[in-house]
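Colleague: I should like to study one part of this model closely, namely the salt bridges and the places in which they lie. Could you please take me through them step by step, for a reader who is new to such structures?

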Amino acid sequence: MSFVTKSPWMIHYDGSSCNGCDIEVLACLTPMYDIERFGIKNTGNPKHADVFLLTGSVNEKNKPVIQQIYEQMPEPKIVIAVGICACDGGVFKECYNICGGADTVVPVDVYVPGCAARPEAIIDGVVKGLAILEEKRLKVKRKTEKALKKHYDEVYGQEHRPLIMEVVINGK
Amino acid sequence: MGMNIIALLLYLLFAPFVGGLLAGADRIVTARMQGRVGPPILQPFYDVLKLYQKEQITVNKVQDFYVFCFLLFVIITGGFFFAGGDLLLAIFVLTLASAFLIVAGYCAGSPYAEIGAERELLQVMSYEPMVLMTAVGFYMFTGSFRVEEIIQTQTMPFVYLIGVFIGFTGILTIKFRKSPFDLSMSHHAHQELVQGLQTEFSGKTLAMVEIAHWYENVFLLGLVFLFFVNGTAWSVVLGVAVALLTYFIEVFIDNNYARMKWEVTLKVGWFTAITVGFVNLLVLNFM
C-alpha cells in the first residue's frame, strides 16, 4: 500500500524569477484551490519534503543551494519545474548569470509550463508527479531488497538463505 | 485490579487511534475556519505511514534513541494515568519525556533544532508550575494522588478546583503546541525557524514524534476529564464532552492568534499558575 501519494509534503524554492510563479504556488494553498485536500502540506524543511517545486531560472549563485535542498530530501522524491523559467530559462535564458532551467542542476520529473503557471496547471503537475513518486518508491524498495539479498547470499551462501528472506524477496 | 489492566490495555491500543482522529478533526476544523475544505480525517495516519516508507536520514545516531525514549516515556505517562496509578508520578514521567525530546533536539547540532530545543525548555518552565499545581489540587481535594482513588470521589473535583481547571486549560495551549505558544515546533512559521525542534528528524523518527504527540494529547484530555468524574455515568459523559470542547476551543484559539514572543508565554504560564491556581489551592487549604 502506498501512502506517499496520499500525503506528499512539498517544499518550494524560488530561483531568479520574477516571483510570479512563486505566488501562484502559494495560491494553491488558499481557499480557492486548497491543495491540502490531497494531503499536500507546505513544509519549509527539505528533510520532511517529498515534492520539490522549483520556480524561476537557475543562476550561478543559487545552484549550490538547489543542489543542497535536493540532496537533503529523503528518497523517494520528485522535482517539479514550475513556469517557463524553471523549464528552460525563459526570458532570462541569455543573461550572463543564468545557467538555464532547473534540469541543469537537478533531475526534473515534471515540467509545468506557463508565465506565470496557473494554479490549476501546478496542481495538475503535482498530481502527475505523484504517479512518478510511487514508481520511485517501488524502485527504491526493489533496490533495498536486492542489496539485502546480495548481503545475505554473501554471508550465508545461496543454499542457506534464511527462510524469512525468501518471504521478503519472493513474497511467499 | 482487573479493571485497571483493561483500562491500560485499551489505552495502549486505542490512544494512537483517538489521538490521530483528533489530529485529523483538528485539521478539518482548522481548514473550515479558514474557508477551505481540508484533508480527509485519516490524513494524520497517512502522514505517519508515509513517513515509515521514507528513507531514513539521521544526523546523529543517538537522536533516534532519544526520540524513542520520548515516545516510550509518553506512553508510560498515560499508562500510569489510565491504569489508575499515581498522578504525580505520571506528571514527572511526562517531564522526563520532554527532557528526552529536548536532548534529541540539541544533539542534532543544527542551529534551528537548537533554538527549538531552547524554546522547548522555556515552554517546560512556563507550564510546569501549573501542571504540578493540578496534581497538588487533586491531592488536597481527595487526599490521594492515585487516579483510582480520585475517581471514587462523590463530588465533582471541578466544583472545588475551578481555578486550577482554568489555569490548566490555559497552559494546555502550550502543551498542545498551538498558536500563540507554538514556539519550539513552529507549525506556522517556516520562514523563521524551519521546523524548530523537529528540523533534523525525518522518516521513522518524525513518525515516532507524531505518535508520541497523539498519546500525549489523549493523556492531557484524560486529565481534563478527571476534573468531572464523580462516580456516576452522566459525569463520564460530561467529562468526555468537556474534554472535546476544550480541544475545539484550543483549535479555535490556534486559528485566531498570531504567535507571541517567549516572554508572553512565560508570563501567561506563571501568571495563571500564581493567580487562579495558587489562590484556588489557598482557599482549599483554609476550607
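Modeller: A search through all the chains of the structure finds 16 salt bridges. Please keep in mind that this is a predicted model, so that confidence deserves a word before the details. Chain A has an average pLDDT of 84, and 90% of its residues score at least 70. Among the elements of that chain, strand S5 (residues 78-82) has the highest mean, 92, and helix H5 (residues 163-170) the lowest, 59.

Let us begin within chain A. A salt bridge joins the side chains of A:Lys93 and A:Asp88, with 3.7 Å from N to O. Are these two partners buried or exposed? A:Lys93 has a relative accessibility of 43% and is therefore counted as partly exposed. A:Asp88 is also partly exposed, at 33%.

Another pair in this chain is A:Asp109 with A:Lys136, whose closest N and O atoms are 3.2 Å apart. What does this pair tie together? A:Asp109 belongs to the loop between strand S6 (98-100) and strand S7 (110-112) of chain A, whereas A:Lys136 belongs to helix H4 (residues 119-156) of chain A, so the salt bridge links parts that are 27 residues apart in sequence. A:Asp109 has a relative accessible area of 24%, which makes this residue partly exposed.

Helix H4 of chain A also holds A:Leu138. This leucine is partly exposed, with a relative accessibility of 32%. Between the C-alpha atoms of A:Leu138 and A:Asp153 there are 22 Å in space and 15 residues along the chain.

We now turn to chain B. Here B:Arg177 and B:Glu120 form a salt bridge through their side chains, at 2.9 Å from N to O. B:Arg177 is in the loop between helix H8 (162-175) and helix H9 (190-193) of chain B, and B:Glu120 is in helix H5 of chain B, so this pair ties together parts that are 57 residues apart in sequence. How accessible is each partner? B:Arg177 counts as buried because its relative accessibility of 11% falls under the 20% limit. B:Glu120 is buried as well, with a value of 1%.

Some salt bridges share partners: A:Asp34, A:Glu36, B:Arg27, B:Arg36 and B:Asp47 are joined in this way into one network. One link in which two of these residues take part is the salt bridge between A:Glu36 and B:Arg27, whose closest N and O atoms lie 2.9 Å apart. Between chain A and chain B the count is 6 salt bridges. Polar contacts across this interface come to 18 residue pairs, both residues of each pair being at pLDDT 80 or more. On the side of chain A that touches chain B, there are 10 nonpolar, 10 polar and 9 charged residues.

How much area is buried between the two chains? The size of an interface is often expressed as the accessible area that is lost when the parts come together. For chain A and chain B the buried area is about 2,400 Å², and 53% of it is on carbon and sulfur atoms. In chain A, the residues that lose the most area to chain B are A:Phe3, A:Glu36 and A:Lys47, which together account for 26% of what that side buries. A:Glu36 thus appears both here and in the network described above. In terms of contacts, 29 residues of chain A meet 28 residues of chain B.

Two further places in chain B complete the picture. The loop between helix H4 (87-107) and helix H5 (111-142) of chain B contains B:Ser110. This serine counts as buried, since its relative accessibility is 7% and the limit is 20%. Its side chain makes a polar contact of 3.1 Å with the side chain of B:Glu200. A polar atom of the B:Ser110 side chain also lies 3.2 Å from the backbone nitrogen of B:Tyr112.

The other place is B:Gly24, in helix H1 (residues 2-33) of chain B. B:Gly24 is buried, with a relative accessible area of 0%. Which residues does B:Gly24 contact, leaving aside its neighbours within four places in sequence? They are B:Ile41 and B:Pro44. B:Phe181 is 157 residues from B:Gly24 in sequence, and their C-alpha atoms are 21 Å apart in space.

Note on methods:
Residues numbered from 1 in each chain as written. Chains lettered and ligands numbered in written order. Heavy atoms only, no water. pLDDT = per-residue confidence, 0-100. Helix = DSSP H or I, 4+ residues; strand = E, 2+ residues; numbered from the N terminus. Contact = heavy atoms within 4.5 Å. Buried area = accessible area lost by both parts, 1.4 Å probe. Salt bridge = Lys/Arg side-chain N within 4 Å of Asp/Glu carboxyl O. Polar contact = N/O pair within 3.5 Å; in protein donor to acceptor, adjacent residues only side chain to side chain. Nonpolar A, V, L, I, M, F, W, Y, C, P; charged D, E, K, R; others polar. Buried < 20%, exposed > 50% of the residue type's maximum accessible area, 1.4 Å probe, protein only.
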